[in-house]
Amino acid sequence: MQSRRMMVLRAVVEDYIRSQEPVGSAALAKHHQLGVSSATIRNDMSALEEEGYLIQPHTSAGRIPTEKGYRYFVDGLAAVIPLSEPQRRAIRNFLSGSVSLQDTLQRSARLLASITGQVALVAAPALSRASVRRIELVQVSMSMLLAVVITDTGSVAQHMLQISDVNAEELSQSIATINKLCVGLSLREAARTLRTISTTIASAHIRNLLRSLVDALEDMHIGEHTHDLYMAGASQLAHRQTMSDFASLFDALEEQAVIMRLMTAMSEEASDCASGVSVAIGSETHNPGLLHASVVTSGYGYDPDASTDSADFTSSNVGSGNAGSGNADAVYVGSANVGSAKAAFINNIDNQLMNESSSQADVSTQESNIDRTHRQNMPVAFIGSIGPQHMDYVATMAAVKAVARYLNAFIAQNR
C-alpha cells in the first residue's frame, strides 16, 4: 500500500471513531492535511475498498473501516501513548483506598469502565501462577480439616480434607513442616514436594494427611475459577449503543469461562509485545458473540525483577491493602521456635530430604526452576476492555495499560 493511501486509511479510521458516521473524501480533504485534492482522496478510498480496508454502506455515502482496516490502524500505532500525569494521579487516588486484593480488583474494573465507557473485566490472579505464602490447616471436626492456602498474589483458596486420628500436636508439627517446605513454591511444586515426603513418613496418620493435602493442592492448581472475574460497564455500554447490535455481546459475556480463556491467552501474547497490550478485533476473537466487538487486554502480576511495567506506580503510591501484609520471615519461619519434640520431628523430615538420591534432587530442582522462570515471565491474570469495533483504540489501550501497571505494582508490593 502506498504511503499516501495509508494516511487516507488512518484518517478514515480516526474520523469514523470520532463521529461514527461514514467518512467522505471532501471531509478528509478539509480536516486532514493530506496534500491532495478530494478527487485523489476519493480514488485512494476506492482502492482501499477494493483491497478490503473500507466499505461503502450506501451508494451515496462515505466509507467506513472494515475489520481489516481497524487491524491495519492498530498495527500502525507506533506505541501506546501514556496517560497524562493528572490521569495517572487520578488512578492512584481512586485505587489507593482499597482494603484488599478483591477490593482493588473491583475498583479497577469500575475505574476502567468509567474511563473507556465500555465493558471492563479484571480477573483475580490465577492460582496456577502464584507461589505459596502460607498454608493453614484448621480442624473443623474430628474427621475433617479445612486447608487454607494463601498465595504471594493475595489470593486465598480453601479445600476440605478428610482425616483420621491426627491429634493437635501432630497437626501443629505438620503445619510447621509443611510451611517450611512449601513457602515460595508454586502449588504444583508444593504438591510434588509433599508427595515425595509422604512416602518417607512412618506415621500412617501424617502420611494420609499429606496425601490429602497433595490432592487438594493439585485440584487448586488445575481448577477453573470463573467466579473470580470482576466486571463493570455493561449497562453504560448498553445505553450508548444500539441493543440489537450488542445483544450477542452480552450473551457472550454470560459465558465467563470462554471469555476468561480468550483474555488469558491475549494477556500472554501481550507480555511478548513491546506495547504490553493485545488487541483482538471481530473474527480474531473466534467468538461469534464478539464478531462486532473488539477486545483490548493486558496482563498484570509479572515478577518485579523481570518487569519494569510498574515504574509509574511505585509501592509508595499503591494501596496498602491487607492481602499479604506483614513480615513474611517473622510469620513463616516460626518453626524455629517450636519445642525440642517438634524440632526433632522437623529435623527428621529434613534428614530424609537430604538422604534422597542426588539425581532425584537435581531433577526436582530443574523442574522447579523451569516452573519459577515460567511464572516470573507470565502475568498472573488479565485486565481488559470490550467494546465496539469503532472504539477509541488509542485511549482504550492507554487506559488498560495504565491500570495494569497499577495492579502490577500492587502485586509486586505484596510479594
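A salt bridge is taken here as a side-chain nitrogen of Lys or Arg within 4 Å of a carboxyl oxygen of Asp or Glu. In the predicted model, D15 and R18 satisfy this criterion, with their closest N and O atoms 2.5 Å apart. Both residues belong to helix α1 (residues 3–19), where a spacing of three residues places them about one turn of the helix apart. The two partners contrast in their exposure: D15 counts as buried because its relative accessibility is 7%, whereas R18 is exposed, with a relative accessible area of 59%.

By this rule, 14 salt bridges are counted. Another intrahelical example is provided by D103 and R107, whose side chains meet at 3.2 Å, N to O. These residues are four apart in helix α6 (residues 101–116) and are therefore separated by about one helical turn. D103 has a relative accessibility of 16% and so counts as buried. Salt bridges with shared partners also join R4, R5, D44 and E51 into one network.

Within this network, D44 is located in helix α3 (residues 38–50). With a relative accessibility of 4%, against a limit of 20% for burial, D44 counts as buried. Its side chain makes a polar contact of 2.6 Å with the side chain of R4. When neighbours within four places in sequence are set aside, the contacts of D44 are R4, R5 and V8.

A salt bridge is also formed between the side chains of R71 and E284, at 2.7 Å from N to O. This pair links distant parts of the chain, 213 residues apart: R71 lies in helix α4, and E284 in the loop between β8 (278–281) and β9 (293–300). E284 counts as partly exposed, at 31% relative accessibility. In helix α4 (residues 67–75), the buried residues are G69, Y70, F73 and V74. They lie on the same side of α4 because they cover an arc of only 135° around the axis.

Two further features concern residues with greater than 20% relative accessible area, the limit for burial. V138, V140 and M160 make a nonpolar surface patch of about 250 Å². M160 is situated in strand β6 (residues 156–162) and counts as partly exposed at 42% relative accessibility. T199 occupies the loop between α8 (187–198) and α9 (204–222) and, at 58% relative accessibility, counts as exposed. A polar atom of the T199 side chain lies 2.7 Å from the backbone oxygen of T196. The C-alpha atoms of T199 and L210, which are eleven residues apart along the chain, are separated by 9.6 Å.

Technical notes: Residues are numbered from 1 along each chain as its sequence is written. This is a predicted model: local features need pLDDT of at least 70, side-chain atom pairs count only at pLDDT 80 or more; totals for chains, interfaces and linings use all residues. Side-chain values use heavy atoms; hydrogens and water are left out. Helices (H or I, at least four residues) and strands (E, at least two) are DSSP runs, numbered from the N terminus. Buried means under 20% relative accessible area, exposed over 50%, partly exposed in between (1.4 Å probe, protein chains only). A polar contact is a pair of N or O atoms within 3.5 Å; within protein, one must be able to donate a hydrogen and the other to accept it, and residues adjacent in sequence count only if both atoms are side-chain atoms. Contact means heavy atoms within 4.5 Å. Patches are made of residues with over 30% relative accessible area and no salt bridge: like charges are joined within 9 Å, nonpolar side chains (Val, Leu, Ile, Met, Phe, Trp, Tyr) within 5 Å. Accessible areas come from the Shrake-Rupley method with a 1.4 Å probe; for residues, only the protein chains shown count as cover. The arc is that of the directions from the helix axis to the C-beta atoms.
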